[in-house]
Amino acid sequence: MDKQELLVRTAFKLFYTHGIHAVGINRVLAESGVAKKTLYHYFPSKEHLIEATIRYRDLHYRVWLTSRLDSVSAGKPALLELFNALDDWFHSRVADVESFNGCFFINASAEFGDRDHAIHRACAEHKASIVELIHKHVDILLLPKGVAENATNLVALLKEGAISIAHVQGNLNAALEAKKVLEHLFINSDAL
């Protein structure tokens with residue numbers, strides 16, 4: 001692993017575990033064993049390093065989640081698999097994704113609350129990409145346009161709610177509870 005990647009991975013782990021503002025550059029340097037001059041060669045500021053951790057987490061999370069959804073049939077099975085994947089993440093059963101400590105993108109955007117800030121925008125872009133992934137599977141259901149948009153939003157809200165409940169309330173079964181809600185809607189709705 002090169003030093004740039006080592007810095008990003010180390011910073012991500014620390015930021016995700018302790019919070020971005022709570023972790024200083026010196027701690028990243030101490031944990032990574034990389035010299036300050038090397039850090040500033042790759043990242044002119046802490047914000048540049050934070051943006052790199054956002055891109056790092058975005059890539060790894062999307063690859064993992066996409067592979068989970070692709071492991072089953074598209075459409076309803078994949079939408080339900082989303083919640084199985086979340087359940088595995090909440091219970092720290094996923095080797096490819098850091099043990100669950102809430103959503104890094106929610107946490108980071110809360111620390112950079114200005115919606116025009118580059119870090120906040122990067123977090124919003126991640127969330128939009130996950131909605132697009134969900135929409136891809138809703139599209140397969142061949143629902144009318146308005147219904148498809150509502151179904152996409154519903155699944156995204158169930159996902160975000162499960163993550164928040166698991167983290168804030170400690171209910172690690174929130175993903176399976178959200179999945180039951182979605183299954184109930186699939187069974188009891190002609191539109192879905």
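**View 1. S92 sits in the loop between helix 5 and helix 6.** In this predicted model, S92 counts as partly exposed because its relative accessibility is 43%, and partly exposed covers the range between the buried limit of 20% and the exposed limit of 50%. The backbone here deserves a second look: S92 has a positive phi of about 55 degrees, although it is not a glycine. Why is that worth pointing out? Most residues other than glycine have a negative phi. Helix 5, on one side of this loop, spans residues 76–90 and has the highest mean pLDDT among the elements of the chain, at 98.

**View 2. L142 belongs to the loop between helix 7 and helix 8.** Is L142 buried or exposed? L142 is exposed, because its relative accessible area is 75% and exposed means over 50%. The phi angle of L142 is near 55 degrees, a positive value in a residue other than glycine. The two helices that flank this loop cover residues 118–139 (helix 7) and 145–169 (helix 8).

**View 3. Helix 1 runs from residue 3 to residue 18.** You can check its length with a little arithmetic: at 1.5 Å a residue, the 16 residues should span 22 Å, and the end C-alpha atoms are indeed 22 Å apart, so the two values agree. Which residues of helix 1 are buried? They are L7, V8, T10, A11, F12, L14, F15 and Y16. As you follow a helix round, keep its geometry in mind: an α-helix has 3.6 residues a turn, so residues three or four places apart point the same way. What covers the buried residues of helix 1? The cover includes helix 2 (25–32), helix 3 (36–42), helix 4 (46–70), helix 5 and helix 6 (104–111).

**View 4. H18 is found in helix 1.** H18 is partly exposed, since its relative accessible area is 41%. Setting aside neighbours within four places in sequence, H18 is in contact with V23 and R27. Now look across to N101: H18 and N101 are 83 residues apart in sequence, and their C-alpha atoms are 9.5 Å apart in space.

**View 5. D58 has its place in helix 4.** With a relative accessible area of 15%, D58 counts as buried, because buried means under 20%. Which residues does D58 contact, leaving aside its neighbours within four places in sequence? They are F105, H126 and S129. Another residue to find in this view is I130, which is 72 residues from D58 in sequence and 9.7 Å away in space, C-alpha to C-alpha.

**View 6. V138 is part of helix 7.** Its relative accessible area is 1%, so V138 is buried. Leaving aside neighbours within four places in sequence, V138 is in contact with L79, L143, A148, A151 and T152. For a distance to trace, try S189: V138 and S189 are 51 residues apart in sequence and 14 Å apart in space, C-alpha to C-alpha.

**View 7. A128 also lies in helix 7.** At 41% relative accessibility, A128 counts as partly exposed. How far apart in space are the C-alpha atoms of A128 and K13? They are separated by 23 Å, and the two residues are 115 residues apart along the chain.

**View 8. The whole chain, for orientation, holds nine helices and zero strands.** Stepping back from the close-ups, you can follow the elements from the N terminus as α-α-α-α-α-α-α-α-α. The C-alpha atoms fill a box of roughly 60 × 30 × 30 Å, taken along the principal axes. Of the 192 residues, 43% count as buried. The chain exposes about 9800 Å², and carbon and sulfur atoms supply 53% of that area. Among contacts with a separation of 6 or more, 66% come from residues 24 or more positions apart. The chain carries 21 positive and 23 negative side chains, and the centres of the two sets lie 5 Å apart. The average pLDDT of this predicted chain is 95, and 98% of the residues score at least 70. Helix 9 (residues 174–188) has the lowest mean pLDDT among the elements, at 93.

Definitions and conventions
Residues numbered from 1 in each chain as written. Predicted model: local features only at pLDDT ≥ 70, side-chain atom pairs only at ≥ 80, totals over all residues. Heavy atoms only, no water. pLDDT = per-residue confidence, 0-100. Helix = DSSP H or I, 4+ residues; strand = E, 2+ residues; numbered from the N terminus. Buried < 20%, exposed > 50% of the residue type's maximum accessible area, 1.4 Å probe, protein only. Contact = heavy atoms within 4.5 Å. Areas by Shrake-Rupley, 256 points an atom, 1.4 Å probe, with all protein chains shown as cover. Lys, Arg positive; Asp, Glu negative; His and termini not counted. Charge placed at Lys NZ, Arg CZ, Asp CG, Glu CD. Expected span 1.5 Å × (residues − 1).
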